[in-house]
Amino acid sequence: AAAGATVLTGSFARKVVITGTDTLDKVAEKINAAGAGLSARVLNDGSPTSPYRLVITSSATGTRGAITYSTGTTGLSLATMTRAQDAVVSVGDGNSPNPILLTSGVNSITGLVDGLKLDLNAVTSQTVSVTVAQNVDAVVNDIKSFVSAFNATVGRISELTKFVPDTGERGVLLGDSTVATVRDRLYAAVTRRLPDSGLVYRSLNQVGVTVGSGATLQFDETQFRAAYEADPEAVKTLFTQVTKDGNGKTVNVGVAGRLKEVIEGLTASSTGTLNLQNNALQDRVDLLNRRATDMQALLDRKEARLYAQFQAMERALADLQSQQSALNSLSSQLAALANRK
């Protein structure tokens with residue numbers, strides 16, 4: 001390539017300086033480093049002469065990914081392999097002279113129907129009918145997962161707070177008020193009734209979620225499916241209803257929203273009940289550790305004092321034994337003198 005510069009415009013316009021000694025690999029490296037929203041690579045097409053091709057691809061999709069360029073004096077010859085274009089969907093009667101055209105830079109369309117995403121998998125000029133139905137199976141699976149997670153949680157709480165009369169075995173958190181608070185708030189959240197008396201469903205037991213034996217949640221799938229089929233919006237409202245308080249603030253009153261708030265209140269990193277209890281327990285541990293350290297220091301001082309007293313007593317005993325030996329020796333000498341007389 002001749003020396004010069006090529007200007008490439010993908011997401012951003014960038015100038016790439018190419019020298020006469022640059023190989024195609026080097027040119028691709030410079031384009032990739034230019035930050036133009038483009039990627040370049042060298043392709044071998046297998047032809048016997050001049051098999052190497054420089055392929056430049058935009059990282060954007062649709063018409064936003066169109067590439068414009070000026071090769072300047074580099075001598076590079078570039079051609080368009082794939083024209084940038086948006087996906088287009090015509091909404092309405094196929095014979096209508098004024099259909100609504102929706103475009104998207106990706107192969108999907110959103111916004112046509114609230115909460116609906118259309119994946120565009122192929123090009124066609126034929127009319128396509130789309131039927132939207134409630135996916136109750138996905139909802140049922142979510143309920144099953146919730147019931148399983150809830151039962152696992154309360155089962156763990158029961159294990160930690162158990163008491164076995166026959167063996168006297170106690171759980172490590174038996175009698176802990178915080179654990180009782182956690183359990184009570186969870187049960188209150190899943191057994192509460194929504195305050196709005198005008199709702200079709202006001203509690204979980206009306207849609208098949210009840211508290212059964214062992215204080216575990218039971219899920220009647222048949223009852224839930226019947227309730228969902230009869231009025232899916234009423235079931236949704238049971239879980240997601242919100243209202244406004246006197247200050248205009250949004251308040252969750254639905255089961256899912258209230259349960260989420262309860263769990264957040266228990267687990268919040270700074271003000272959560274569990275975190276506060278954990279901090280209180282840590283404070284007690286720190287206090288006991290300080291007391292243990294102070295007690296050890298006191299015992300060390302007492303030990304040193306007793307050792308000093310013992311050593312003083314040993315020295316006094318040694319002095320007494322020495323004096324006794326001296327007295328015994330003197331007594332023997334006096335006895336010997338008396339015998340001589």
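**Group meeting: cores and a helix pair in a predicted model**

Let me begin with Asp166, which counts as exposed because its relative accessibility is 78%; here exposed means over 50% relative accessible area, buried under 20%, and partly exposed in between, with a 1.4 Å probe and protein chains only. Asp166 sits in the loop between β10 (163-164) and β11 (169-170). Helices (H or I, at least four residues) and strands (E, at least two) are DSSP runs, numbered from the N terminus. From Asp166 to Ala304 the C-alpha to C-alpha distance is 49 Å, with the two positions 138 residues apart in sequence.

A word on the basis of these values. This is a predicted model, in which local features need pLDDT of at least 70 and side-chain atom pairs count only at pLDDT 80 or more, while totals for chains, interfaces and linings use all residues. Residues are numbered from 1 along each chain as its sequence is written, and side-chain values use heavy atoms, leaving out hydrogens and water.

I turn next to Thr178, in helix α3. Is Thr178 buried or exposed? Thr178 counts as buried, because its relative accessibility is 10%. Its side chain makes a polar contact with the side chain of Gln277 at 3.2 Å; such a contact is a pair of N or O atoms within 3.5 Å, where within protein one must be able to donate a hydrogen and the other to accept it, and residues adjacent in sequence count only if both atoms are side-chain atoms. Setting aside neighbours within four places in sequence, Thr178 is in contact (heavy atoms within 4.5 Å) with Thr273, Leu274 and Gln277.

Those partners recur in the contact between two helices: Thr178, Val182 and Arg185 in α3 meet Thr273, Leu274 and Gln277 in α7. By class, the residues of this contact are two nonpolar, three polar and one charged. Ala, Val, Leu, Ile, Met, Phe, Trp, Tyr, Cys and Pro count as nonpolar, Asp, Glu, Lys and Arg as charged, and the others, Gly among them, as polar.

Finally, the nonpolar cores, each a set of buried Ala, Val, Leu, Ile, Met, Phe, Trp, Tyr and Cys residues joined through side-chain atoms within 4.5 Å. The largest has 31 residues, and Leu204, Val207, Phe224, Val235, Leu238 and Phe239 have the most contacts inside it. Helix α2 provides the largest share of this core, seven residues. Leu204 touches Val190, Val209, Leu238, Phe239 and Val255, not counting residues up to four places away in sequence. A second, separate core of 10 residues includes Val16, Ile18, Ala40 and Leu54.
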